[in-house]
Protein chains: 2
Amino acid sequence: MTIAEASQKYGLTPDTLRYYERIGLIPPVRRTASGIRDYDEEACRWIELMKCMRSAGVQIEALTEYVKLFQQPGPTAEARRQILVDQRILIEKRIWEMQEALNRLNYKIERYDTVLIPAEKGRKG
Amino acid sequence: MTIAEASQKYGLTPDTLRYYERIGLIPPVRRTASGIRDYDEEACRWIELMKCMRSAGVQIEALTEYVKLFQQPGPTAEARRQILVDQRILIEKRIWEMQEALNRLNYKIERYDTVLIPAEKGRKG
DNA sequence: TCTTGACCTGGAGTGCACTCCAGATGTTAC
DNA sequence: GTAACATCTGGAGTGCACTCCAGGTCAAGA
């Protein structure tokens, strides 16, 4: 799969895919003899994972650390698990913050519908 | 209330509070005769609202637009409501994305606990 | 073979949201 | 009154995550 195809498949630009590889957010992608990237199934799984994590706001640094551990020899499973656990805590916190904001928006919108907008309309009629 | 006190109360630095006022994220704060900010209850409500929205990732541009409408003469309730509704959609989307990532993390952590870490430990014992 | 378009690299540029700073002015405790 | 500290302004600097670009290589159709 070429970079254009992978780009299409995941809705990330080729520049972003190259950037992700350059900084180690995904492991090095296999190349053709002439140096052109060829995304295989494993590369695609990495892209998809990182797209998911990034869209949830997980910092690039945590993710590159995770990938780095994967590429290291020796036992790193516990360290990798710890990264996931740390990020889970952060995501739970952010979900909670967004839920707070959502409740507040719902409350405000309700007030616009029942009080503020009727009041404004009433001023003229 | 001085800027130091407001800063303390909401966990935002004085620089951030001044920045928020400068860009119109909160309306101009009342000043003492000598020009020093004096945060009253209404100013505090704005700070708290904006802290909540910003922590949920709402863009500054949307929030300044909302404040701008508030300061305009004439009926703006419907326009303000529309901003809130637009932001609600974005927040719901992000909550959903984060929930996806959370599910994925939970699944992965479970796999580390039941498979990957035991396997690594087993290699030596 | 030639041309056209996709791909490559390294590095510079961008946008957002702060964050810091210099130099000036105000305030408070002694 | 004065030392020490808080606050003010406008503007520059920072960090993150891309995004764009120049200048070159590669590949596929006419």
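**Entry 1: B:Glu65**

I looked up the exposure of B:Glu65 in this predicted model. B:Glu65 is partly exposed, because its relative accessible area of 33% falls between the cut-offs of 20% and 50%. I located B:Glu65 in helix 4 of chain B, which covers residues 60–71. I then took a distance from B:Glu65 to B:Glu120: the two are 55 residues apart in sequence, and their C-alpha atoms are 55 Å apart in space.

**Entry 2: B:Glu61**

I turned to B:Glu61, which is also placed in helix 4 of chain B. B:Glu61 has a relative accessibility of 63% and therefore counts as exposed, the cut-off being over 50%. For B:Glu61 and B:Glu21, I noted a separation of 40 residues along the chain and 13 Å between C-alpha atoms.

**Entry 3: confidence in chain A**

I checked how the predictor rates chain A. The average pLDDT of chain A is 96, and 98% of its residues score at least 70. Where in chain A is confidence lowest, and where is it highest? I found the lowest value in helix 1 (residues 3–10), with a mean of 96, and the highest in helix 2 (residues 14–22), at 98.

**Entry 4: relation of the two chains**

I superposed chain B on chain A. A turn of 180° with a shift of 0.0 Å along the axis lays chain B on chain A with an RMSD of 0.0 Å. Why is this a two-fold axis? A turn of 180° without a shift along the axis is the relation that defines such an axis, so I record it as two-fold. The residue of chain B that comes closest to the rotation axis is B:Ile95, with its C-alpha at 3.0 Å. I also noted that both copies use the same surface, since 100% of the contact residues of chain B recur in chain A.

**Entry 5: A:Arg80 and A:Glu97**

I examined two charged residues of helix 5 of chain A, beginning with A:Arg80. Helix 5 of chain A spans residues 77–122. Is A:Arg80 buried or exposed? A:Arg80 is buried, because its relative accessible area of 9% is under 20%. Apart from neighbours within four places in sequence, A:Arg80 contacts A:Tyr66, A:Leu69 and A:Phe70 in chain A, and B:Tyr112 and B:Glu120 in chain B.

A:Glu97 lies in helix 5 of chain A as well. With a relative accessible area of 18%, A:Glu97 is likewise under 20% and so is buried. With neighbours within four places in sequence set aside, I found A:Glu97 in contact with B:Ser55 and B:Ala56.

**Entry 6: DNA strand C**

I listed the protein residues around DNA strand C. There are 18, and the closest are A:Arg18, A:Arg37, B:Asp15, B:Ser34 and B:Arg54. Of the strand C atoms that come within 4 Å of the protein, 69% belong to sugar and phosphate.

I then read out individual polar contacts. A side-chain N or O atom of A:Arg22 is 3.0 Å from a base nitrogen of DNA strand C. The side chain of B:Ser34 places an N or O atom 2.7 Å from a phosphate oxygen of DNA strand C. For B:Arg54, a polar side-chain atom is 2.6 Å from a phosphate oxygen of DNA strand C. The elements giving two or more residues to this surface are helix 1 and helix 2 of chain A, along with helix 2 of chain B. Helix 2 of chain B gives the most, with four residues. By class, I recorded seven nonpolar, five polar and six charged residues near DNA strand C.

**Entry 7: DNA strand D**

I repeated the lookup for DNA strand D. It is surrounded by 17 residues, of which the closest are A:Asp15, A:Ser34, A:Arg54, B:Arg18 and B:Arg37. Sugar or phosphate holds 70% of the strand D atoms within 4 Å of the protein, and the rest belong to bases.

Which part of A:Ile60 is 3.4 Å from a phosphate oxygen of DNA strand D? I found a polar backbone atom of A:Ile60 at that distance. From chain B, a polar side-chain atom of B:Arg31 lies 3.0 Å from a phosphate oxygen of DNA strand D. A side-chain N or O atom of B:Arg37 is 2.7 Å from a phosphate oxygen of DNA strand D. Two or more residues come from each of helix 2 of chain A, helix 1 (3–10) of chain B and helix 2 (14–23) of chain B. Helix 2 of chain A gives the most to the surface near DNA strand D, namely four residues. I recorded six nonpolar, five polar and six charged residues on the surface near DNA strand D.

Technical notes: Residues are numbered from 1 along each chain as its sequence is written. Chains are lettered from A and ligands numbered from 1 in the order in which they are written. This is a predicted model: local features need pLDDT of at least 70, side-chain atom pairs count only at pLDDT 80 or more; totals for chains, interfaces and linings use all residues. Side-chain values use heavy atoms; hydrogens and water are left out. pLDDT is the predictor's confidence in each residue, from 0 to 100. A residue is near a molecule or strand if one of its heavy atoms lies within 4 Å of it. A polar contact is a pair of N or O atoms within 3.5 Å; within protein, one must be able to donate a hydrogen and the other to accept it, and residues adjacent in sequence count only if both atoms are side-chain atoms. Copies are superposed by least squares on the C-alpha atoms of residues with pLDDT of at least 70 in both. Contact means heavy atoms within 4.5 Å. Buried means under 20% relative accessible area, exposed over 50%, partly exposed in between (1.4 Å probe, protein chains only).
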